[in-house]
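This report goes through one structure for a reader who has not met it before. Please look at the sequence and the model first.

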Amino acid sequence: MSQQEGKSTTPGSLAVDAVLVVAFFALIYSLVAPHVPSNDRVWIVTWGGLTAACMSCVFWLCIQMFRVVLKAQRENKR
């Protein structure tokens with residue numbers, strides 16, 4: 001296997017990823033919380049938060065895969 005020519009993550013990219021994931025979490029929570037079949041606020045927050053957290057983790061994985069593919073394509077052009 002070849003050596004990587006640089007760091008794949010930087011503090012700037014981590015900050016951008018964190019902002020994107022937090023914004024995605026807030027968006028998904030606001031979409032799924034009204035659909036929790038309960039009138040108890042604790043259950044709405046619990047299940048809405050767990051659902052949004054799971055989907056946010058998948059979103060984070062998608063961001064990381066996108067970065068890897070983009071980096072590979074840019075290196076292929078050289």
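P37 counts as exposed, because its relative accessibility is 82% and the cut-off for exposed is over 50%. This proline is found in the loop between α1 and α2. The model is a predicted one, and the values below are computed from it.

**The loop**

P37 shares its loop with a further proline: P34 also lies between α1 and α2. P34 has a relative accessibility of 61%, so it too counts as exposed.

How far apart in space are P37 and L14, C-alpha to C-alpha? They are 36 Å apart, with their positions 23 residues apart in sequence. The table sets this pair beside two others, one with P34 and one with I44.

| Pair | Apart in sequence | C-alpha to C-alpha |
|---|---|---|
| P37 and L14 | 23 residues | 36 Å |
| P34 and V45 | 11 residues | 9.9 Å |
| I44 and V19 | 25 residues | 24 Å |

**The two helices**

Two packed helices are described by the angle between their axes and the distance between the axes. Here the axes of α1 and α2 come within 8 Å, and they cross at roughly 140°. That angle makes α1 oblique to α2, since the class of roughly antiparallel is kept for angles over 145 degrees. The crossing of α1 and α2 is right-handed. Sorted by class, the residues in the contact of α1 with α2 are 16 nonpolar, 6 polar and 3 charged.

**The nonpolar core**

Which residues make up the largest nonpolar core? It has 7 residues, namely F24, I28, Y29, A33, V36, I44 and A52. Both α1 and α2 supply at least two residues of this core. The most comes from α1, which gives 3 residues.

I44, one of the core residues, lies in helix α2. Is I44 buried or exposed? Its relative accessible area is 13%, so I44 is buried, as the cut-off for buried is under 20%.

**Aromatic pairs**

The structure holds 2 aromatic pairs. One of them is formed by F24 and F59, which are stacked, with 4.3 Å from centre to centre and 10° between the planes. F24 lies in helix α1 (residues 11-32) and F59 in helix α2 (residues 41-77), so this pair ties together parts that are 35 residues apart in sequence. F59 has a relative accessible area of 24% and is therefore partly exposed. F24, its partner in the pair, is a member of the largest nonpolar core.

F25 and Y29 also form a stacked aromatic pair, at 6.4 Å centre to centre and with 10° between the planes. Why are F25 and Y29 separated by about one helical turn? They are 4 residues apart in helix α1, and that spacing is the reason. F25 counts as partly exposed because its relative accessibility is 33%, whereas Y29 belongs to the largest nonpolar core.

**In brief**

The helices α1 and α2 cross at roughly 140°, and the stacked pair of F24 and F59 ties α1 to α2. Each of these helices supplies at least two residues of the largest nonpolar core. In the loop between α1 and α2, P37 counts as exposed.

Methods: Residues are numbered from 1 along each chain as its sequence is written. This is a predicted model: local features need pLDDT of at least 70, side-chain atom pairs count only at pLDDT 80 or more; totals for chains, interfaces and linings use all residues. Side-chain values use heavy atoms; hydrogens and water are left out. Rings of Phe, Tyr and Trp (its six-membered ring) pair if their centres lie within 6.5 Å; planes under 30 degrees apart count as stacked, over 60 as edge-to-face and the rest as tilted. Buried means under 20% relative accessible area, exposed over 50%, partly exposed in between (1.4 Å probe, protein chains only). Axes are lines fitted to C-alpha atoms, for helices over the stretch in contact, and angles run from 0 to 180 degrees between N-to-C directions. Angles under 35 degrees count as roughly parallel, over 145 as roughly antiparallel, 65 to 115 as roughly perpendicular and the rest as oblique. A crossing is left-handed if the near helix is turned anticlockwise from the far one by less than a right angle, and right-handed if clockwise. Ala, Val, Leu, Ile, Met, Phe, Trp, Tyr, Cys and Pro count as nonpolar, Asp, Glu, Lys and Arg as charged, and the others, Gly among them, as polar. A nonpolar core is a set of buried Ala, Val, Leu, Ile, Met, Phe, Trp, Tyr and Cys residues joined through side-chain atoms within 4.5 Å.
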